[in-house]
Amino acid sequence: MIKQILGKIPRKHSKSAADPSPSASSLATSKKSEGGSKRLSNTVNESISAPYSVSNIGNNQENKFKNSRSNGNSIPSSYEALPSFRDVPSSEKQQLFIKKVKMCCVVFDFTDPTKHLKEREIKRQTLLELVEYVTSANGKFTEIVMQEIVKMISANIFRVFTPQPRENKLLDGLDLEDEEPAMDPAWPHLQIVYEFLLRFITSPETDAKIAKRYIDHSFVLKLLDLFDSEDPREREYLKTILHRIYGKFMVHRPFIRKAINNIFYYFIFETERHNGIAEFLEVLGSIINGFALPLKEEHKLFLVRTLIPLHKPKCLAMYHQQLSYCITQFVEKDCKLADIVIRGLIKYWPVTNSSKEVLFLNELEEVLEATQAPEFQRCMVPLFQRIASCLNSLHFQVAERALFLWNNDHIENLIKQNRKFILPIIFPALERNAQHHWNQAVHSLTLNVRKLFYDLDPELFKACQVKFEEDESKEKVVREKREVTWKRLEELAAKNVTSNEAILVHRPPST
Amino acid sequence: MATMNESLYPVLVLIDELKNEDVHLRLNSIRRLSTIARALGEERTRKELIPFLSENNDDEDEVLLAMAEELGNFVPHVGGVEHASVLLAPLEGLCSVEETSVREKAVESLGRIGSQMRELDLVESFIPLMKRLAAGEWFTARVSSCGLFHIAYPGAPEALRNELRTIYGQLCQDDMPMVRRAAATNLGKFAATVEPSHLKTDIISMFKDLTKDDQDSVRLLAVEGCASLGKLLEPQDCASEILPAIISFSQDKSWRVRYMVANQLHELCEAVGQEATRMDLVPAYVQLLRDNEAEVRIAAAGKVTKFCQILNPEIAVQHILPCVKELSSDSSQHVRSALASIIMGMAPVLGKDATVEQLLPIFLSLLKDEFPDVRLNIISKLDQVNQVIGIDLLSQALLPAIVELAEDRHWRVRLAIIEYIPLLASQLGVGFFDDKLGALCMKWLKDKVYSIREAAANNVKRLAEEFGSEWAMHHIIPQVLEMMNDNHYLYRMTILSAISLLAPVMGSEITCSTLLPVIISASKDRVPNIKFNVAKVLQSLIPIVDYSVVENSIRPCLVELSDDPDVDVRYYANQALQAIDQVMMSS
């Protein structure tokens with residue numbers, strides 16, 4: 001399973017795929033490691049001293065009063081490059097490594113391009129040396145080294161994103177996709193730190209059993225928080241790193257899945273804003289790909305409670321491709337899930353958003369492709385009620401996309417086999433399109449589908465036609481009858497309330 | 001169907017309607033649930049309708065939302081409070097659905113029902129329901145339960161109260177952040193119902209748990225509740241329990257948390273009293289005023305006045321005023337704008353001397369700000385300014401700002417300043433107005449943007465109201481009427497509407513002698529749009545002028561227009577003629 005997962009990731013960074021040994025960690029050790037991380041974050045704060053220095057990174061130039069106050073004092077007066085690894089005997093290399101790592105805990109403010117130029121360059125070089133060192137290391141990393149590494153990484157990457165300046169927020173939520181992403185000015189350092197983290201995680205010299213004390217729940221949680229970064233470069237790194245952590249730290253797997261789920265729920269049910277949904281889904285896509293059969297109940301619940309509701313947010317387009325991949329993975333693994341998925345799509349089917357509706361139709365086709373007759377029959381009635389209304393959509397792309405379903409041989413066969421149920425549902429929609437859909441393409445595609453049914457089963461077709469004409473002529477009567485019924489109910493209600501007073505009730509003639 | 005005549009089964013109607021494919025019809029029938037209930041009568045509503053609804057909560061969210069709302073008002077339909085318990089079952093189901101808005105509405109309705117219920121029913125049915133929700137398998141039910149505790153707690157007997165507090169404590173530590181957020185959101189409401197002795201122990205420890213949460217979003221909500229919680233405590237307890245949390249929040253690494261603190265701090269000051277405020281909260285607040293993040297400074301700046309009102313003036317001058325000075329030249333326009341909108345409120349707090357000496361320079365610099373919103377915010381508080389520093393000092397500084405805003409390239413800015421002109425006029429007086437602002441008001445009537453012209457016409461009317469018709473005869477009417485000769489028909493339209501607005505203010509005499517002739521001559525305009533607007537204006541004049549004027553001037557003009565080649569002109573002319581006839585008939 002693990003190999004499957006890792007096979008999905010490009011192997012550009014690691015010499016050999018990590019071979020995660022299943023670690024049987026007891027509850028006690030994981031508790032201890034959490035305590036350790038608290039200590040760790042304290043020391044980080046102390047060493048950096050200024051309360052905001054971590055968050056100073058992405059800050060825009062607006063802090064003219066504060067710069068003097070909160071920045072700068074975190075930078076030691078002498079920030080000098082340390083000797084190169086080549087220039088010291090092997091026995092001192094580890095000590096030097098730790099020194100260099102500690103040096104990189106200092107975080108620079110990149111909002112002012114003229115500030116600390118020399119020091120910034122020194123840190124960049126040092127970081128590159130660290131990457132090199134980790135990549136070429138032979139001999140397991142010791143616990144103390146790991147602790148320092150994680151401390152340095154935490155100091156650099158864990159930061160709170162700053163809000164977008166208000167000027168850019170005017171069109172809030174309207175065109176999320178078109179917005180220019182905010183590029184983090186500190187990227188020259190961040191990138192190398194991420195590279196360093198990636199190499200550290202994937203290095204065969206990193207023993208997961210020890211490393212999990214530092215790459216712990218708290219670390220993972222903060223790493224997941226970073227997925228909200230607006231910088232796509234950062235999310236790309238995070239995606240790869242998360243995947244590797246998932247692969248290497250078996251013990252964290254349930255926790256990671258749960259934490260991602262929580263982020264999804266927050267996104268779906270409360271905020272509808274998050275930048276990293278697509279990346280999460282991409283990681284999950286390959287995790288799902290590796291699920292063993294038969295699927296565990298937990299994973300099926302994940303499908304129903306998380307993946308299907310993810311169709312609800314209005315910014316679906318930002319991650320639909322990845323979501324659709326995850327969904328079809330499930331259906332391909334276990335075709336019995338098809339009708340659950342289809343009913344889910346129907347539940348969240350967009351009412352007014354045509355472009356979202358087209359996405360749904362795309363996904364529907366992929367799911368139907370993997371659907372077998374029994375599941376199809378279980379959901380076809382509500383499904384084709386929905387498709388009927390798509391056929392009549394005034395947005396030609398929606399109508400056209402729905403009609404294209406008939407171009408798919410598998411789907412066409414399913415429809416043909418069940419035409420006795422399906423044609424009566426969609427016949428009125430076909431008829432209305434044929435009579436007066438404004439779009440030429442929709443019109444002619446509809447005629448094709450109509451002809452297909454006619455050629456297949458002329459008797460059924462004629463029966464539907466008769467029924468349609470009957471309903472059409474009765475429509476007004478039905479509507480009137482409904483109004484009359486409600487009116488009578490209201491009269492009855494009024495009579496009950498004021499039962500002591502005599503009122504004149506006009507009884508409509510019954511039909 | 002024939003039998004329906006005598007026995008219409010209301011529930012069957014509903015069942016039938018809810019089967020319909022068309023969601024609008026289903027929605028419609030749910031919205032008329034009370035009709036069905038009344039038709040059924042109380043007993044059958046309890047026995048037939050409510051059980052049916054409990055079993056049928058599998059519809060679309062929109063329908064469920066409507067159902068949740070309707071049921072909140074159903075107590076009278078089931079026979080009053082003694083039967084209110086039957087309503088809990090359908091709402092319980094709705095508390096666990098996925099869609100947030102349905103759940104929230106169901107909780108709201110449950111709250112409404114629960115607060116009317118008798119104590120016995122509360123214990124026997126409401127609280128068990130709440131406990132079931134709180135122990136729900138999925139987070140949706142647990143989230144819903146959080147919003148019900150404050151309803152049930154006051155009516156619960158002692159033993160149950162202990163249990164309820166324990167359950168709430170568990171919800172605050174729930175495995176899912178969704179639930180913890182809901183618990184944090186509702187903590188203040190719940191705390192308000194808890195006895196003081198337990199407040200200090202149980203509630204405070206829940207609060208502390210939430211403030212240490214590893215999720216930003218939970219901590220954020222904990223801060224939001226801190227002020228309401230603080231107000232429930234004795235000042236010394238608040239100072240010892242809540243204050244430290246707030247101080248540390250004000251240095252939280254998440255700007256959202258600091259932002260929330262900045263918004264809440266002044267309320268907390270009221271709760272902890274002056275002494276603790278001076279010692280601990282002033283430094284924290286000063287830090288927020290100088291925060292790195294513009295959003296935090298915006299929030300803090302917006303509360304400056306409220307904060308200073310709690311302090312004594314010396315402390316305000318000594319600690320807060322320097323920050324205010326800095327903020328007035330902040331690099332973010334939104335910070336300056338927030339400051340500009342409240343800064344005048346500080347004047348009464350500081351007293352006249354400090355105001356003139358310290359505040360006025362800030363105020364003047366904001367009035368010259370490059371960003372129009374900032375200037376507008378100051379101008380909108382002009383009445384307050386005037387009271388403190390007097391008009392002479394003000395008018396010199398004000399005028400350039402107004403003139404510049406009057407010509408701002410954003411029409412919304414121009415619109416805003418026009419809306420303040422009547423206020424300005426009343427504050428500045430006739431003399432000043434004639435010299436400087438009169439011309440501007442006329443200029444706006446020829447603005448390129450319709451909304452500005454429309455506002456300008458309205459402005460002219462309000463000025464006439466402010467300064468009286470005699471003044472208007474000299475300073476407004478001639479200029480306005482002059483513009484009726486403009487080449488551009490859109491400008492002539494503006495003038496027409498200005499005239500129709502002015503007429504009621506100016507009174508019958510001036511209207512007949514001065515305004516009416518201009519309108520009548522406009523009925524010969526070459527543009528049909530002008531002509532049918534003439535018809536509309538004439539119609540509006542009918543109630544103002546004498547009957548003889550209507551017959552001698554207005555009617556002939558309208559009769560002529562009713563023969564116009566243009567269909568719209570004829571239509572409006574006939575409308576006006578009909579109006580005249582109606583007035584005649586009724587008089």
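Guide: Before we start, a contact here means heavy atoms within 4.5 Å. Also keep in mind that this is a predicted model.

Visitor: Okay, using that, what share of the contacts in chain B with a separation of 6 or more comes from residues 24 or more positions apart?

Guide: Let's set the scene with the secondary structure: chain B has 35 helices and zero strands. Count its contacts at a separation of 6 or more, and the part owed to residues 24 or more positions apart is 68%.

Visitor: Is chain B compact or spread out, and what is its radius of gyration?

Guide: Along the principal axes, the C-alpha atoms of chain B fill a box of roughly 85 × 85 × 35 Å. For 587 residues the globule rule gives 25 Å, and chain B is well over that, so it is more spread out than a compact globule. Its radius of gyration is 33 Å.

Visitor: And what percentage of the residues in chain B is buried?

Guide: The accessible surface of chain B is about 24,600 Å², with 50% of that on carbon and sulfur atoms. To count as buried, a residue needs to be under 20% relative accessible area. Of the 587 residues in chain B, the buried part is 57%.

Visitor: Let's zoom in on helix α4 of chain B: how far apart are its end C-alpha atoms?

Guide: α4(B) covers residues 42-55, which makes 14 residues. At 1.5 Å a residue, that should span 20 Å. The model agrees, with the end C-alpha atoms separated by 19 Å.

Visitor: At which residue does α4(B) bend?

Guide: The bend is about 30°, and the proline B:Pro51 follows within four residues of it. The residue at the bend is also among the buried ones of the helix, alongside B:Ile50 and B:Phe52. That residue is B:Leu49.

Visitor: Which helices do the buried residues of α4(B) pack against?

Guide: The buried set includes B:Thr45, B:Arg46 and B:Leu53. Their partners are in chain B too: α1 (10-18), α3 (33-40), α5 (61-72) and α6 (88-94).

Visitor: Switching to cysteines, how many disulfides are there over all chains?

Guide: Take B:Cys557, which is buried at 7% relative accessible area. Its closest cysteine sulfur, in B:Cys512, is 14 Å away, so it is too far for a bond. Searching the whole structure gives a disulfide count of zero.

Visitor: What about A:Cys335; which residue has the cysteine sulfur nearest to it?

Guide: A:Cys335 is partly exposed, at 28% relative accessibility. A disulfide would need two cysteine sulfurs within 2.5 Å. The nearest one to A:Cys335 is 12 Å away, and it belongs to A:Cys379.

Visitor: Now for backbone oddities in chain A: what is omega for the peptide bond from A:Leu293 to A:Pro294?

Guide: Most peptide bonds are trans. A:Pro294 sits in the loop between α12 (277-289) and α13 (297-307) of chain A. The bond leading into A:Pro294 from A:Leu293 is cis, with omega near -5°.

Visitor: A:Glu272 has a positive phi, so is this residue buried or partly exposed, and at what relative accessible area?

Guide: A:Glu272 lies in the loop between α11 (253-271) and α12 of chain A, and its phi is about 55°. The cut-off for buried is under 20%. A:Glu272 makes it into the buried class because its relative accessible area is 18%.

Visitor: And A:His116, what relative accessibility does it have?

Guide: A:His116 is in the loop between α4 and α5 of chain A, with a positive phi near 50°. It counts as partly exposed because its relative accessibility is 22%.

Note on methods:
Residues numbered from 1 in each chain as written. Chains lettered and ligands numbered in written order. Predicted model: local features only at pLDDT ≥ 70, side-chain atom pairs only at ≥ 80, totals over all residues. Heavy atoms only, no water. Helix = DSSP H or I, 4+ residues; strand = E, 2+ residues; numbered from the N terminus. Expected span 1.5 Å × (residues − 1). Bend = angle between axes of the 7 residues up to and from the residue. Buried < 20%, exposed > 50% of the residue type's maximum accessible area, 1.4 Å probe, protein only. Rg over C-alpha atoms; globule rule 2.2 N^0.38 Å. Areas by Shrake-Rupley, 256 points an atom, 1.4 Å probe, with all protein chains shown as cover.
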